[in-house]
Amino acid sequence: MPPLRWGIVSAGTIAHDFVCAVSTLPESDHKVVAVAARGLDNAQKFADLHGIAVFHVGYEALARDHNVDIVYIGTVNTVHYEVAIMMLDAGKHILCEKPLCVNEGQSKALFDYAREKKLFCMEAMWSRFFPAYNHLRERLRKEDLGDIKEVKSELGFPISKVERIRMGHLGGGTVLDLGVNNIQLALWVFQEFPDEIVAEGELNEENIDTEMNVKLRFPCGGVAQMRTSGVKQLSNQAVITGTEGKITLYDFWCPIELTDIDGTVRSYPLANSKIECILKNSVGLRYEAEECRKRILAGDLESQVMSHKDSLDVARVVDNIRKQIGIEYAEDFIFKAKRDSLK
């Protein structure tokens with residue numbers, strides 16, 4: 001089979017790291033063939049650095065590139081939906097950075113359109129594809145932890161001055177940028193939707209959250225305690241506790257180490273990329289890229305590891321949290337208006 005041909009949308013940090021991660025996979029399976037950025041200099045510099053043969057100015061040009069099978073969307077949050085729709089219109093499969101869209105309504109519309117076009121579409125929730133998660137998945141399947149009682153996670157860095165965090169028009173705030181990691185873990189472990197969500201947060205001058213504390217209560221009686229911060233360094237650990245023991249994930253959104261139920265520390269070293277990644281453990285993005293290849297070869301439109309329903313459930317929790325804290329984005333009203341106009 002020929003390699004899966006990737007097009008990269010944006011030339012920012014996460015796109016850089018994704019291409020670095022893909023470079024650790026066999027060239028017979030994956031090939032980055034094009035990159036697109038809004039500016040010529042950024043596109044050309046990115047292509048030169050990574051040895052990409054083709055660079056485009058503007059995302060529309062990448063959509064028209066017939067040599068691209070699948071696009072990785074690494075733009076700011078508020079652009080995900082429109083870029084993904086553009087690429088689906090052009091017949092491209094989609095791997096889109098988290099959060100998939102700004103709200104549940106956009107996410108559902110995107111998935112519906114992808115299925116209509118018979119194209120693969122997945123939110124890039126890379127955590128779920130790490131070997132450490134595979135180990136935890138097996139422990140949960142065997143019920144080694146007994147009945148799960150609590151998932152406690154916190155994720156925080158002093159990044160409040162970063163534009164994607166502090167600015168509302170970019171879909172800023174820790175709920176969207178960081179909290180989706182905590183939420184997806186809790187939903188994944190309990191395998192059910194919470195019947196109670198209690199949230200509080202600290203807001204900046206733009207009415208965007210810089211910190212949040214959330215409790216999810218599940219029908220089984222279990223609880224998830226989640227904390228995010230864009231102003232403080234937190235432990236960035238997740239502890240999954242059951243009646244028979246607990247497992248701790250370190251850097252839980254990209255874990256390469258965990259403490260198992262018996263106290264054993266298990267490590268899962270990452271491959272070395274040809275060019276150094278910028279963000280922590282980003283070579284682990286390779287796992288989600290390989291999942292895309294497997295699913296597309298199988299003719300699947302989604303991954304069961306991060307299914308469309310999984311993404312919609314995460315988005316639904318995010319929307320609920322934002323409503324409680326008082327965070328609104330222009331897309332909430334624009335998208336509602338678009339939907340209403342179609343009635």
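1. Let's start with the salt bridges: the count in this predicted model comes to 22. A few of them deserve a look one by one, and the side chains involved are easy to pick out in the viewer.

2. Asp310 and Arg128 form a salt bridge, with 3.0 Å between the closest N and O atoms. Asp310 belongs to helix α10 (residues 308–325), while Arg128 sits in the loop between β6 (121–124) and α6 (131–141), so this pair ties together parts that are 182 residues apart in sequence. Arg128 is buried, and its relative accessible area is 2%.

3. Helix α9 holds a pair of its own, Glu290 and Arg293. Their side chains meet in a salt bridge at 2.9 Å, N to O. The two residues are three apart in the helix, which puts about one helical turn between them. Both Glu290 and Arg293 are buried. As background, an α-helix has 3.6 residues a turn, so residues three or four places apart point the same way.

4. Also in helix α9 are Arg295 and Glu291, four residues apart, again about one turn of the helix. They form a salt bridge whose closest N and O atoms are 3.3 Å apart, and both Arg295 and Glu291 are buried. Elsewhere, Arg139, Asp144, Asp260 and Arg266 are joined into one network by salt bridges that share partners.

5. Now to the domains: the protein chain is divided into domain 1 (4–124) and domain 2 (128–267). Their centres, taken over C-alpha atoms, are separated by 27 Å. Eight residues from domain 1 and seven residues from domain 2 take part in the contact.

6. What does the interface of domain 1 and domain 2 bury? The two domains bury about 630 Å² between them, and 68% of that is on carbon and sulfur atoms. On the side of domain 1 that touches domain 2 there are five nonpolar, two polar and one charged residues. The rule finds zero salt bridges across this interface, and the count of residue pairs in polar contact, both at pLDDT 80 or more, is zero as well.

7. Finally, have a look at helix α1 (residues 13–22): eight of its ten residues are buried, so the helix is largely enclosed by the rest of the structure. The buried ones are Ala15, His16, Asp17, Phe18, Val19, Cys20, Ala21 and Val22. They pack against the strands β1 (4–9), β2 (30–37), β4 (70–73) and β5 (93–97), and against the helices α2 (40–50) and α9 (285–298). Helix α9 thus appears here too, the helix that holds the Glu290 and Arg293 pair.

Key: Residues are numbered from 1 along each chain as its sequence is written. This is a predicted model: local features need pLDDT of at least 70, side-chain atom pairs count only at pLDDT 80 or more; totals for chains, interfaces and linings use all residues. Side-chain values use heavy atoms; hydrogens and water are left out. Buried means under 20% relative accessible area, exposed over 50%, partly exposed in between (1.4 Å probe, protein chains only). Contact means heavy atoms within 4.5 Å. Domain bounds come from an automatic or database domain assignment. Buried area is the accessible area (1.4 Å probe) that two parts lose on being put together, summed over both. A salt bridge is a side-chain nitrogen of Lys or Arg within 4 Å of a carboxyl oxygen of Asp or Glu. A polar contact is a pair of N or O atoms within 3.5 Å; within protein, one must be able to donate a hydrogen and the other to accept it, and residues adjacent in sequence count only if both atoms are side-chain atoms. Ala, Val, Leu, Ile, Met, Phe, Trp, Tyr, Cys and Pro count as nonpolar, Asp, Glu, Lys and Arg as charged, and the others, Gly among them, as polar.
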